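User: I would like to learn how to read a few features of a protein model. Can we work through them one by one?
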Amino acid sequence: MNPFKLSHQALMCANVADKIILVEQLHNLKNQQALDYQSPYPIESVERPGIPDKPILARFDSMPTRKKSDIGFIQTIHAICHIEFNAINLALDAAYRFRAMPNQFYQDWIQVAFEESQHFQLLNNYLITLNYQYGDFDAHNGLWTMTFETDYDVLARMALVPRVLEARGLDATPKIQKRFETSKFKPMVELLDIIFKDEINHVKIGNYWFHSLCKQRALEPMSTFNQLVIKHIGIELRGPFNLEARKLADFSDEELDYLQAQAR
Ligand SMILES: [Fe+2]
């Protein structure tokens, strides 16, 4: 079977339930070693991946500030659920778009897409127990932008999506867990634990491929990364950083020292 065709199909699928099924099928085929990573398939730019009509995507600056009320917590759960939904698309795009990589690259990103779909379902199922569901609140539209902007090169993608965007999730999670700890929504602490453990591994995968590509192209990783951050974000990364989690995700000591200096 053609993994690129199947990844593209899942990526463009706008129906939540169908997308989850397509990702599950892709994951099963990967595990059965039934995917041929040499298959040809056209590479198209994807300005808008498959997303449902709801949530309505709002501009970042028009999002209401979340209050410490029940509804504020539920909106936070919804916002994380939205991030996980988008993360399915981020991983599918990595599996679909970049060719001539080792088989392991595709297997890694198909595995990530599957785990993100599990995270999405954990959170959406929890929302359902609270009489809400994915789509009930507006959501940010900024998550796809960096993916789209780095579609020109797998090195830029690995640098900026897992190592910046997903690593930010590692920085934020313990603080979010702390807020849920003393709330009515304590089950979130455990759900976020499960997600956090997987996310460390996703960032680790991004780090592995970033460093492997730097090595292949004889590029110095630190300066290559910094140049890409300046090119795409415009400013250096802002802390605070969860250095412990980042270390587990295989950020090097040199990189951690650098981040620590930034955070001061
Ligand atoms: Fe996730």
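**Reading cavities and a metal site**

Analyst: Let us start with enclosed space. This is a predicted model. The second largest cavity has a volume of about 40 Å³. Its lining draws two or more residues from each of α3 (70–97) and α6 (154–181).

User: What is the largest share of the lining of the second largest cavity, and which element does it come from?

Analyst: α6 supplies five residues, the largest share. By class, this lining has seven nonpolar, no polar and two charged residues. W109, R157 and E166 are among them.

User: How is empty space found, and what is the volume of the largest cavity?

Analyst: Rolling a probe the size of a water molecule over the atoms shows where empty space is left. Here the largest cavity holds about 50 Å³. R163, M222, F225, F251, E255, Y258 and L259 line it. α10 (253–263) gives the most to this lining, with three residues.

User: Is L237 buried or exposed?

Analyst: Buried means under 20% relative accessible area. L237 has 11%, so it is buried. It sits in the loop between α8 (221–232) and α9 (243–248). Its contacts include F225 and L259, and both of these residues also line the largest cavity.

User: Which residues are the protein donors of the iron ion?

Analyst: E84, E116, H119 and E199 are the donors, 1.8 to 2.3 Å from the iron ion. E116 and H119 lie three residues apart in helix α4 (103–129), about one turn. Both are buried.

User: Why is the arrangement around the iron ion irregular?

Analyst: The four donor atoms subtend angles of 92 to 135°, which makes the arrangement irregular.

Notes:
Residues numbered from 1 in each chain as written. Predicted model: local features only at pLDDT ≥ 70, side-chain atom pairs only at ≥ 80, totals over all residues. Heavy atoms only, no water. Donors = N, O, S within 2.8 Å, 3.2 Å for Na, K, Ca; no water. Tetrahedral: all angles 85-135°; square planar, octahedral: opposite > 155°, others 65-115°. Helix = DSSP H or I, 4+ residues; strand = E, 2+ residues; numbered from the N terminus. Buried < 20%, exposed > 50% of the residue type's maximum accessible area, 1.4 Å probe, protein only. Contact = heavy atoms within 4.5 Å. 1 Å grid on protein atoms, 1.4 Å probe; cavity = no way out; pocket = protein on both sides within 12 Å on 5 of 7 lines; lining within 4 Å. Points joined across faces, edges and corners; volume = space filled by probe spheres on them. Nonpolar A, V, L, I, M, F, W, Y, C, P; charged D, E, K, R; others polar. Lists of a residue's contacts leave out its neighbours within four places in sequence.
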